[in-house]
Amino acid sequence: VTGRLTPDACHIELSDQGTIEHGEIPTYQLNAHEPTVLASQMLTLTVLCARPMLFALVGIDNRQDSSPSADTFGLGVNIHAPDQALGAVTLSYRATLGDLQPMQVLASRDNGETWRPQANAHPHAYMGFAPAGARQPDFISQLFTQLWVDTAIHPARYLTLDQEVPLDGSIVLDLRYL
């Protein structure tokens, strides 16, 4: 007798392979004394589960050392001056549907012990989804949401920009079962 017992699971997908491309940004367009906010970009995020599951999404910052605060994701460092962080990335969830019903976004900063309504995703925060008015995430088999990505570059006067500098933010969305 052979076979395998497999646990139920969820699969996560992001449009555009999860890539945000800002293209070439001429340095003369950067603000010298305040952050330059780039155009917001949106990815479609889909979570499909084998059956209704209780889960949260957690943003892991692969450029944490370049983040200006605990509430933002880092944009990497200047490859020509590694002591210069380039800026910040913020994420937010909008227009969320769970099993084709409108859902509110909940956040937990204590690994899912307590939850509060919040659409902005901070590094390491658990982001859950529930019907309006609920105080904790609900079981969902299909989640569809917009993931808005906002990028800001530090003031140009703090950056050495005499050569081309690649933006290098890297965020992993980790699906965690609750």
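Colleague: Before we start, what does buried mean here?
Modeller: Buried means under 20% relative accessible area. Keep in mind that this is a predicted model.

Colleague: Fine. Cys 10, then: buried or exposed?
Modeller: Cys 10 has 16% relative accessibility. The cut-off for buried is under 20%, so Cys 10 counts as buried.

Colleague: And Cys 49, buried or exposed?
Modeller: Cys 49 counts as buried, at 13% relative accessibility.

Colleague: What do Cys 10 and Cys 49 form?
Modeller: A disulfide. Their sulfur atoms sit 2.0 Å apart.

Colleague: How many disulfides does the structure hold?
Modeller: Just that one.

Colleague: Which hand does the link of Cys 10 and Cys 49 have?
Modeller: The link is right-handed, with 105 degrees about the S-S bond.

Colleague: Which parts does the pair tie together?
Modeller: Cys 10 lies in strand E1, residues 10–14. Cys 49 lies in strand E3, residues 41–53. So the disulfide ties together parts that are 39 residues apart in sequence.

Colleague: New topic. How many helices and strands are in the protein chain?
Modeller: Zero helices and 15 strands.

Colleague: Which strands form the open sheet of five?
Modeller: The order is E11-E10-E13-E4-E15. The pairing is antiparallel.

Colleague: Which strands stand at the edges?
Modeller: Strand E11, residues 116–117, and strand E15, residues 171–177. Each has a single partner strand, so one side of each is left without a neighbour in the sheet.

Colleague: Back to E11 for a second. How many bridges does it share with E10?
Modeller: Two. Strand E10 covers residues 104–108, and its pairing with E11 is antiparallel.

Colleague: Which residue stands opposite Arg 116?
Modeller: Ala 107 stands opposite Arg 116, which is in E11.

Colleague: Now the whole chain. What box do the C-alpha atoms fill?
Modeller: Roughly 65 × 45 × 25 Å, taken along the principal axes.

Colleague: What share of the residues is buried?
Modeller: Buried residues make up 39% of the 178 residues.

Colleague: And the contacts? What share joins residues 24 or more positions apart?
Modeller: 73%, counted among contacts with a separation of 6 or more.

Colleague: What about the surface: how much area does the chain expose?
Modeller: About 10,300 Å². Carbon and sulfur atoms supply 50% of it.

Colleague: Last one, charges. How many positive and negative ones are there?
Modeller: The protein chain has 9 positive and 19 negative charges. The mean positions of the two sets are 9 Å apart.

Notes: Residues are numbered from 1 along each chain as its sequence is written. This is a predicted model: local features need pLDDT of at least 70, side-chain atom pairs count only at pLDDT 80 or more; totals for chains, interfaces and linings use all residues. Side-chain values use heavy atoms; hydrogens and water are left out. Two strands pair if DSSP finds at least two bridges between them. Helices (H or I, at least four residues) and strands (E, at least two) are DSSP runs, numbered from the N terminus. A disulfide is a pair of cysteine sulfur atoms within 2.5 Å. Buried means under 20% relative accessible area, exposed over 50%, partly exposed in between (1.4 Å probe, protein chains only). Contact means heavy atoms within 4.5 Å. Accessible areas come from the Shrake-Rupley method with a 1.4 Å probe; for residues, only the protein chains shown count as cover. Lys and Arg count as positive and Asp and Glu as negative; His and the chain ends are not counted. The place of a charge is taken as NZ of Lys, CZ of Arg, CG of Asp or CD of Glu.
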